[in-house]
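Visitor: I'd like a quick tour of this structure, with the reasoning spelled out. Could you walk me through it?

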Amino acid sequence: MSFADFQQEIYVNGLLTGALPPHSVDPAVLEEVARRRLGEGPYWYVAGSAGTGATERANREAFGRRRIVPRMLVDATERDLGVELFGERLPAPVLLAPVGVQSIVHPEGELATARAAASLGVPSILSTMASHTIEEVAAAAGEGPRWFQLYWPHDDEVTVSLLSRARKAGFTALVVTLDTWTLGWRPHDLDLAYLPFLRGEGLAIPFSDPAFLAGLEKSPQEDLGAAVLRWAPMFNGRAHTWDRLALLRDNWDGPIVLKGIQSADDARRAADHGMDGVVVSNHGGRQVDGAIASLDALEPVAEAVGDRLTVLFDSGVRTGADVLKALALGARAVLLGRPYLWGLACGGADGVRHVLRCLLAELDISMGLAGHRAVAGLAPDCLEVR
Ligand SMILES: Cc1cc2nc3c(=O)[nH]c(=O)nc-3n(C[C@H](O)[C@H](O)[C@H](O)COP(=O)(O)O)c2cc1C
Ligand SMILES: CCCCC(=O)C(=O)O
């Protein structure tokens, strides 16, 4: 079955049974519905970004400046959206971005997300700041592909313990997020004084880690304050440096991908330090207000290291056409962020699956209509820049 069949399924269902799709196919409508369901704190925690929102807007504007140039009389009836990432064959060039503390959106949080992604063979990247443990999420993902995102603690024993748990639980690729060693200035969260971690939410992974627990006199259940006080300086407030990557390389025998790269120089350094990939990302505009659009960073990075590293992309992807554009500019695959959270808020695992199916169907159809049979054929000359 092709991803495009979802379109036909919706029309035929409507014709035969009068049923409408369970959720809107429009990400903006889905966000509005989610907004009505969520409290102000959780909604703005997900929707918000840094400062004036300039980077978040720049992310979208950068997609708007690029236009697809469709080609005619090309037989692109049969398409293959598949890609190989680190020796794993994926059905489509899309992954779910690591998003922490999903319990603020839905009680099943990362478990629902993992189930939905696995049902389509799409990897969901588990955040270190999740509401469920590594082992629980691995069980929910079943046979589905699993990637783990590290927020890198300033305690080597905890770092090594987290990596070994993830490996044991079947996570294959490691994504190390570098751009959030301290939280960006986020006006909505500040005005609402809302930070879920301080209430102990999103800390299931450190709070179930033997090396983390070894430093506490009482369990987090008995003394939440002390556990949060151990967590905060260990995970937040200080950056690591390039020389420290050796620790991760020595303790992870799979691919390592650095997330948050925005400069070609940093991408070259990642390659020089033996990394396997980068995610060109500005964290959805949540960290540095006034930073360049992530899509504008993509082409220079891909040109600099595309032959040495696997280049992934995120920040601002909302539609199938956006995925096509990012692939044309050199990404091997993209990560989807906020839109799947709106699906999670509206319908748990079914909602996340719905969002993914919409995105993949639109990508599939747009590829065909633009005259592309496979993602490998996409290149910058498929686009025009305004
Ligand atoms: C609510 C929320 C929580 C996030 N948590 C994490 C996280 O724990 N680890 C991480 O690497 N990135 C995290 N991110 C960033 C995403 O992985 C991704 O880079 C970003 O959402 C992509 O931009 P988009 O939302 O515009 O698609 C988070 C993003 C949001 C919206
Ligand atoms: C410690 C921050 C984790 C969540 C995160 O990455 C975000 O809110 O963007």
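Guide: Sure, and one cut-off comes first: a residue counts as buried if 20 or more other C-beta atoms lie within 10 Å of its own, and as exposed if 12 or fewer do. Keep in mind that this is a predicted model.

Visitor: Is Trp 242 buried or exposed?
Guide: Trp 242 sits in the loop between α10 (224–235) and α11 (245–251). It has 12 other C-beta atoms within 10 Å. The limit for that class is 12 or fewer, so Trp 242 is exposed.

Visitor: Which residues does Trp 242 touch, leaving out those up to four places away in sequence?
Guide: The chain comes back to this spot further on: Trp 242 and Ala 270 are 28 residues apart in sequence, yet their C-alpha atoms are 8.4 Å apart. Leaving out the sequence neighbours up to four places away, the residues that Trp 242 touches are Arg 269 and His 273.

Visitor: Helix α12 covers residues 264–272; at what angle does it pack with α13?
Guide: The contact brings together Ala 264, Ala 267, Arg 268 and Ala 271 of α12 with Pro 300, Val 301, Ala 304 and Val 305 of α13. The crossing is right-handed. The axes lie 8 Å apart, and the angle is about 35°.

Visitor: What else packs against α13, in terms of the buried residues of a helix?
Guide: Look at α4, residues 54–65, which reaches 16 Å from first C-alpha to last, close to the expected 16 Å. Its buried residues are Thr 55, Glu 56, Ala 58, Asn 59 and Ala 62. They cover an arc of only 165° around the axis, which puts them on the same side of the helix. The helix whose buried residues pack against α13 (294–305) is α4.

Visitor: How many residues of α1 are buried?
Guide: The 13 residues of α1 (5–17) should span 18 Å at 1.5 Å a residue, and the end C-alpha atoms are indeed 18 Å apart. Right after the helix comes Gly 18, with a positive phi near 75°. α1 is hardly covered, and its count of buried residues is one.

Visitor: How are α5 and α15 oriented to each other?
Guide: Helix α5 (109–119) packs with α15 (338–370) at about 15°, with axes 7 Å apart. On the α5 side the meeting residues include Ala 112 and Ala 116, and on the α15 side Gly 348 and Ala 349 are among them. The crossing is left-handed. Angles under 35 degrees count as roughly parallel, so that is what α5 and α15 are: roughly parallel.

Visitor: And which hand does the crossing of α5 and α6 have?
Guide: The axes of α5 and α6 (134–141) come within 8 Å and cross at roughly 30°. That makes α5 roughly parallel to α6. Among the residues that meet are Ala 114 and Ala 118 in α5, with Val 137 and Ala 140 in α6. As for the hand, α5 passes α6 in a crossing that is right-handed.

Visitor: What is the phi of Leu 73?
Guide: Most residues other than glycine have a negative phi. Leu 73 lies in the loop between β1 (66–68) and β2 (83–85). With 5 C-beta neighbours inside 10 Å, it counts as exposed. Its phi is positive, near 55°.

Visitor: Which loop holds Ala 193?
Guide: Ala 193 is not a glycine, but its phi is positive at about 45°. With 8 C-beta neighbours inside 10 Å, Ala 193 counts as exposed. Its place is the loop between α8 (187–191) and α9 (210–213).

How values were computed
Residues numbered from 1 in each chain as written. Chains lettered and ligands numbered in written order. Predicted model: local features only at pLDDT ≥ 70, side-chain atom pairs only at ≥ 80, totals over all residues. Helix = DSSP H or I, 4+ residues; strand = E, 2+ residues; numbered from the N terminus. Expected span 1.5 Å × (residues − 1). Arc of directions from axis to C-beta. Contact = placed C-beta atoms within 7 Å. Axes fitted to C-alpha atoms, helices over the stretch in contact; angles between N-to-C directions. Parallel < 35°, antiparallel > 145°, perpendicular 65-115°, else oblique. Left-handed = near helix turned anticlockwise from the far one by under 90°.
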